[in-house]
Amino acid sequence: MRVVLAGIATETNSFSPIPSPLKNFGSGPGPLFGIDALNAFKDTRISFAGLYNIAKDWGAEIDVPVIGRCNTGAPVSDADYEVMAEKILESVSRGCDAILLGMHGALLTQSGSDDGWLLERLRMLAPDTPIGVSWDFHATMNPRKVNNATITRCYRTAPHTDTFENGQAVARLIRRVLDGEVSPVTVWGNIPAIGDSESPGMATASAVLAPVMAMAAEAERDPRVLACNVFGGCGVADTRESGPSCVVVTDNDPELAIKLRNRILSALWERREEFVCVHEPLSESVAKAKAIKAGGARGPVVLGDSCDSANCGGADDDMAVIREVMKQGLVDVAIAPIRDPEVAAAMHAAGNGATITVDLGHKVKPVDGFGAEPLHVTGTVSGLYDGQLVVTGPVFTGTRRDMGPCGCLTVGGVQFVVTTERAEPFDFGIFEKVGINPREKQYLILKGCFNFVPVYKEIAADIIFCGGNGANRTVLQAGEAGLYKNLRRPIFPLDQNVTFDLTEAS
Ligand SMILES: [Zn+2]
């Protein structure tokens with residue numbers, strides 16, 4: 001038996017000013033191929049490792065043509081995407097018995113293409129070969145992706161703590177297909193709505209979404225149901241089908257699949273208002289953080305600047321939140337990261353203990369004129385570090401990250417973690433590597449999305465997501481700025497009086 005196992009993963013933010021070149025699809029030289037890819041990821045907790053964890057016991061030759069993973073940014077060039085996709089197609093063209101893929105599913109190319117392009121070609125090349133795909137909860141589903149995969153399955157959690165388990169589940173289902181035990185049929189549908197990954201209602205454990213997730217889990221207890229998938233979708237990926245959707249895979253029972261899909265879609269439609277993120281004014285969020293500490297709460301108050309999170313397409317260099325924090329006089333603050341290659345280089349040139357005066361942040365110009373000025377500061381350099389770290393938190397555990405040369409710049413009561421590359425705070429490493437103990441701070445500002453919550457909630461007095469100026473626009477902001485060019489219309493919440501008829505769901 002021969003199995004092809006691969007992955008291409010990035011969540012495109014169509015409004016991000018950060019490009020997504022091929023070299024960013026890895027920690028270093030770009031995507032990894034063959035044995036290098038296998039060795040780099042097989043012991044992590046990403047979905048690829050889960051797929052491998054099951055398939056390695058099949059006694060098969062496993063070929064890993066490519067694994068490419070890139071932080072969220074602007075659409076990928078079609079040529080770069082094809083470099084990775086062609087590796088997979090070439091491996092499959094040599095003949096194989098199963099194809100296992102770990103994809104994000106919100107990737108877009110500059111021409112508007114997506115992973116459906118790859119799946120369609122794989123299906124043409126290997127019409128009878130089972131294809132199992134592990135998708136992110138925030139993937140955009142569409143007919144090309146759904147109809148060309150044998151098994152579609154996505155994470156059940158946001159924050160994503162079951163990526164490995166999802167890979168395992170996909171591989172187990174493909175094994176059952178190979179053994180002739182099941183004959184999968186798939187139906188999908190979406191609702192005429194779009195939401196924000198950062199809205200509290202999009203967390204799978206929230207009071208909003210937990211009942212829907214429970215409904216899907218209950219459906220999967222029926223042996224005829226192979227996978228009942230709830231997708232949140234990605235609000236900043238500007239493509240026709242963006243938004244919440246449902247994909248049900250049954251064992252040759254299309255009627256049951258349609259019934260379950262309709263039930264899930266109805267539940268999602270009822271909750272559409274809860275998927276929309278509206279930030280309170282930034283000054284109120286900061287005042288709230290100050291009041292919590294004034295009340296004597298233990299542990300740092302965490303301000304989440306998801307608007308400028310690398311995981312959401314932010315540049316990691318917007319200064320709006322820290323500016324407000326300094327204006328309101330908060331002290332004993334640590335903020336991570338501020339990506340500023342020029343300042344990081346100046347810090348390394350000056351050395352630990354040196355005092356430097358710099359213009360910090362705002363080196364990347366936003367696509368639509370949002371944003372403010374850099375911060376002119378004089379600070380002391382410490383904690384210089386080469387930027388290598390391995391994620392220990394429960395999200396993307398074991399993956400390598402490269403922040404590039406970095407360090408701590410202390411300006412009065414504020415410590416800035418200044419990096420050369422964008423970085424997502426998945427655990428405490430981003431602070432600890434430059435000598436800051438986050439547990440001891442009064443306030444932490446994280447340029448991160450919900451994925452930091454599982455780790456930081458353990459030490460935080462409270463976590464407040466606030467409205468900054470970064471490239472991660474809310475759906476309403478993007479709609480108001482006229483940024484959507486490809487999204488289907490009418491759609492909630494951008495258009496008035498949108499209705500949903502289940503018979504149009506597929
Ligand atoms: Zn996601």
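Modeller: Two strands count as paired once DSSP finds at least two bridges between them. This is a predicted model. With that rule, an open sheet of eight strands appears.

Biologist: What order do the strands of this open sheet take, and what kind of pairing do they have?

Modeller: The order is β12-β13-β16-β17-β11-β18-β10-β19. The pairing is mixed.

Biologist: Why is one side of β12 and of β19 left without a neighbour in the sheet?

Modeller: Each has a single partner strand, so β12 (355-360) and β19 (462-465) are edges. From one strand to the next, the twist averages 30 degrees.

Biologist: How do you know that β10 and β19 pair, and in which sense?

Modeller: The cut-off is at least two bridges. Strand β10 (residues 301-304) and β19 have four bridges, in the parallel sense. They therefore count as paired under the bridge rule. Leucine 303 faces isoleucine 464 of β19.

Biologist: Which helices lie on this sheet?

Modeller: Helix α9 (residues 282-294) lies across β10, β18 (443-446) and β19. Its angle to β10 is about 170 degrees. Helix α11 (residues 341-350) packs on the sheet as well, and touches β12, β13 (375-385), β16 (406-411) and β17 (414-419). The direction of α11 makes about 175 degrees with that of β12.

Biologist: Why is cysteine 408 called buried?

Modeller: The threshold is 20 or more other C-beta atoms within 10 Å. Cysteine 408 has 24 such neighbours, so it counts as buried. Its place is in strand β16.

Biologist: What does cysteine 408 touch, beyond residues up to four places away in sequence?

Modeller: The contacts are Ser382, Gly383, Gln415, Phe416, Val417, Val434, Gly435 and Ile436. Glutamine 477 is another matter: 69 residues from cysteine 408 in sequence, and 33 Å away in space, C-alpha to C-alpha.

Biologist: How do you know that cysteine 408 and glutamine 477 are not in contact?

Modeller: Contact is judged on C-beta atoms, with a limit of 7 Å. The value of 33 Å runs C-alpha to C-alpha. The list of residues touched by cysteine 408 does not include Gln477.

Biologist: Which residues are in contact with valine 417, leaving aside neighbours within four places in sequence?

Modeller: They are Ile335, Ala336, Pro337, Ile338, Cys406, Cys408, Ile430, Phe431, Val434 and Ile436.

Biologist: Which members of the largest nonpolar core touch the most other members?

Modeller: Leu100, Ile335, Val417 and Ile445 do, in a core of 158 residues. Helix α6 (residues 163-178) gives the most to this core, with seven residues. Domain 1 (2-275) and domain 2 (282-472) each supply at least three residues. In soluble globular proteins, nonpolar side chains tend to be buried together.

Biologist: How far apart are the C-alpha centres of domain 1 and domain 2?

Modeller: The distance is 31 Å. Their contact takes 22 residues from domain 1 and 30 residues from domain 2.

Biologist: What about the sheet that three strands form?

Modeller: This open sheet runs β7-β9-β8, with antiparallel pairing. β7 (184-190) and β8 are the edge strands, each pairing on one side only. Twist here averages 10 degrees from one strand to the next.

Biologist: What makes strand β8 largely enclosed by the rest of the structure?

Modeller: Strand β8 (residues 225-231) has seven residues and six of them are buried, so the rest of the structure largely encloses it.

Biologist: What joins β8 to strand β9?

Modeller: Six bridges do, against a cut-off of at least two. Strand β9 covers residues 245-251, and the two run antiparallel. Cysteine 228 stands opposite valine 248 in β9. Valine 225 has threonine 250 of β9 as its bridge partner. Helix α8 (residues 254-270) lies across β7, β8 and β9, at about 25 degrees to β7.

Biologist: Why does the radius of gyration of the chain agree with a compact globule?

Modeller: For 506 residues, such a globule would be near 23 Å; the chain has 23 Å, so the two agree. The C-alpha atoms fill a box of roughly 70 × 50 × 40 Å along the principal axes. Buried residues make up 56% of the chain.

Biologist: How many helices and strands does the chain have?

Modeller: There are 14 helices and 19 strands. Among contacts between residues at least 6 apart in sequence, 77% join residues at least 24 apart.

Methods. Residues numbered from 1 in each chain as written. Predicted model: local features only at pLDDT ≥ 70, side-chain atom pairs only at ≥ 80, totals over all residues. Core = buried A, V, L, I, M, F, W, Y, C linked by C-beta atoms within 7 Å. Buried ≥ 20, exposed ≤ 12 C-beta atoms within 10 Å, placed from the backbone. Domains from an automatic or database assignment. Contact = placed C-beta atoms within 7 Å. Axes fitted to C-alpha atoms, helices over the stretch in contact; angles between N-to-C directions. Rg over C-alpha atoms; globule rule 2.2 N^0.38 Å.
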